[in-house]
Amino acid sequence: MSRTAKDFFAPLAVGAPAPPREIPARPSRAIHFFDPGNEKMAAKVPAMVGTVDVLLGNLEDAVKAENKERSRQGLVDIAKATDFGPTQLWTRINSLDSPWVLDDLTTLVPEIGDKLDVVMVPKVQGAEDIHYVDRLLAQLEAKAGLTRPVLVHAILETARGVANIEEICAASPRMQGLSLGPADLAADRRMKTTRVGGGHPGYLVRQDAPRVDGETQYDAERASYQQDLWHYTIARMVDACAMHGIYPYYGPFGDILDTVACEDQFRNAFLLGCVGAWSLHPVQIQIANRVFSPSVEDVAHARRVIAAMGDGTGAVMIDGKMEDDASVKQCQVMVALADELAAIDPELRQQYDAIRIED
Ligand SMILES: CC(C)(COP(=O)(O)OP(=O)(O)OC[C@H]1O[C@@H](n2cnc3c(N)ncnc32)[C@H](O)[C@@H]1OP(=O)(O)O)[C@@H](O)C(=O)NCCC(=O)NCCSC(=O)C[C@H](O)C(=O)O
Ligand SMILES: [Mg+2]
């Protein structure tokens with residue numbers, strides 16, 4: 001038998017903070033990536049506090065090997081010098097098989113563990129990877145005298161990671177969530193794409209060929225529709241996270257200039273149950289903030305349904321549509337998210353408050 005339920009909530013090192021019993025639903029619509037060793041990017045970070053839910057100092061891919069130490073030290077310096085207010089500070093450490101990850105953790109936890117909310121672990125293959133990070137974090141937290149546990153977020157970017165998705169979510173009470181890592185996952189799956197997230201014009205379905213006078217017209221003009229390469233993985237991720245009380249995220253969209261397609265991908269993920277996405281460039285923060293916040297119309301409708309449903313049982317007609325015990329639960333999800341976001345976003349609060357009159 002592996003760990004018992006009681007073991008699960010005991011610290012993994014003497015003197016480490018107690019593991020969390022629940023992962024708080026903190027807004028994290030955009031997880032904004034920056035390279036702490038890149039002076040231009042780093043200089044922009046203090047002004048981004050309060051405009052984005054999560055600032056993530058990236059130490060892994062996109063940081064050149066020769067700059068790994070500079071980026072790690074840059075993150076320490078930024079964290080020490082910045083008051084993050086309502087904005088969370090996350091980091092993405094190097095992969096567990098890399099020569100840098102041990103120094104990442106043994107530097108960051110003692111130096112800035114009191115400011116770090118979440119450590120994102122790339123290329124997670126199974127529960128054993130989370131167990132390793134969990135124990136090491138506990139040891140480092142105990143040594144540093146931290147009173148609050150650092151949470152762990154896993155990136156799904158290998159076929160084995162996807163196959164082991166449920167055990168990864170269940171591996172530690174520190175697990176905060178999962179992100180899709182479409183570029184590494186595509187490579188690991190041997191998909192024939194060369195992009196970072198998003199669709200592909202070749203992945204489509206075509207309308208049937210019409211029949212004229214009993215003959216099938218294969219050469220006729222036919223509509224075709226691009227399909228979503230990531231639907232299956234995101235749906236698996238959403239179910240696994242919901243089952244374990246943790247949070248799913250879309251991940252990166254690499255075509256920075258295509259803000260329209262970025263918004264589409266983010267919205268699909270929002271509708272399926274994701275709570276946020278990565279932002280790789282400042283232009284993507286606004287997209288994620290907009291898409292992962294319920295619209296004023298949806299919140300107004302949800303409040304009407306909740307009010308009309310009273311104790312939440314039975315069935316009513318609103319605008320010609322049946323609402324019942326199940327639809328009111330969806331409305332409660334929408335209103336709960338709106339309330340969480342309104343608590344940290346004054347502009348949204350104003351918009352959601354303005355429609356209370358129609359309740
Ligand atoms: C994508 C970029 C390389 C583009 O950078 P650049 O060409 O400099 O863009 P701009 O000229 O438009 O930049 C304008 C100014 O904004 C600053 N900037 C750019 N990006 C950021 C940022 N993320 N945070 C803060 N500031 C930023 C520029 O320095 C310019 O400043 P100034 O000259 O003073 O006006 C670049 O955006 C970038 O490197 N982004 C991060 C990329 C990244 O983190 N990639 C890793 C995550 S995706 C991944 O790993 C794949 C995943 O794991 C998987 O497997 O799928
Ligand atoms: Mg990756």
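**Exercise 1.** Does Arg174 count as buried or exposed, going by its relative accessibility?

*Solution.* Before we start, note that this model is predicted: local features need pLDDT of at least 70 and side-chain atom pairs count only at pLDDT 80 or more, while totals for chains, interfaces and linings use all residues. Residues are numbered from 1 along each chain as its sequence is written, chains are lettered from A and ligands numbered from 1 in the order in which they are written, and side-chain values use heavy atoms, with hydrogens and water left out.

Step 1: find Arg174 in the loop between α7 (165-169) and β6 (175-180); helices (H or I, at least four residues) and strands (E, at least two) are DSSP runs, numbered from the N terminus.

Step 2: its relative accessibility is 5%. Buried means under 20% relative accessible area, exposed over 50%, and partly exposed in between (1.4 Å probe, protein chains only). Arg174 is therefore buried.

Step 3: look at the surroundings. Arg174 touches residues including Pro20, Asp134, Glu141 and Val152, not counting residues up to four places away in sequence; contact means heavy atoms within 4.5 Å. A polar atom of the Arg174 side chain lies 2.9 Å from the backbone oxygen of Val150.

**Exercise 2.** Which residues coordinate the magnesium ion (ligand 2)?

*Solution.* Step 1: look for donors, which are N, O and S atoms within 2.8 Å of the metal (3.2 Å for Na, K and Ca); water is not among the atoms, so sites may look incomplete.

Step 2: Glu157 (OE) and Asp184 (OD) coordinate the ion, at 2.0 to 2.2 Å.

Step 3: place the pair in the chain. Glu157 sits in the loop between β5 (151-156) and α6 (159-163), and Asp184 in helix α8, 27 residues apart, so the pair links distant parts of the chain.

Step 4: compare accessibility. Glu157 is buried at 3%, whereas Asp184 is partly exposed at 23%.

**Exercise 3.** Which side chain does Ser279 join through a polar contact of 2.6 Å?

*Solution.* Step 1: go to strand β12 (residues 277-279), where Ser279 lies. With 0% relative accessibility, Ser279 is buried.

Step 2: the partner is the side chain of His32. A polar contact is a pair of N or O atoms within 3.5 Å; within protein, one must be able to donate a hydrogen and the other to accept it, and residues adjacent in sequence count only if both atoms are side-chain atoms.

Step 3: Ser279 also touches other residues, among them Ala30, Phe33 and Ile285.
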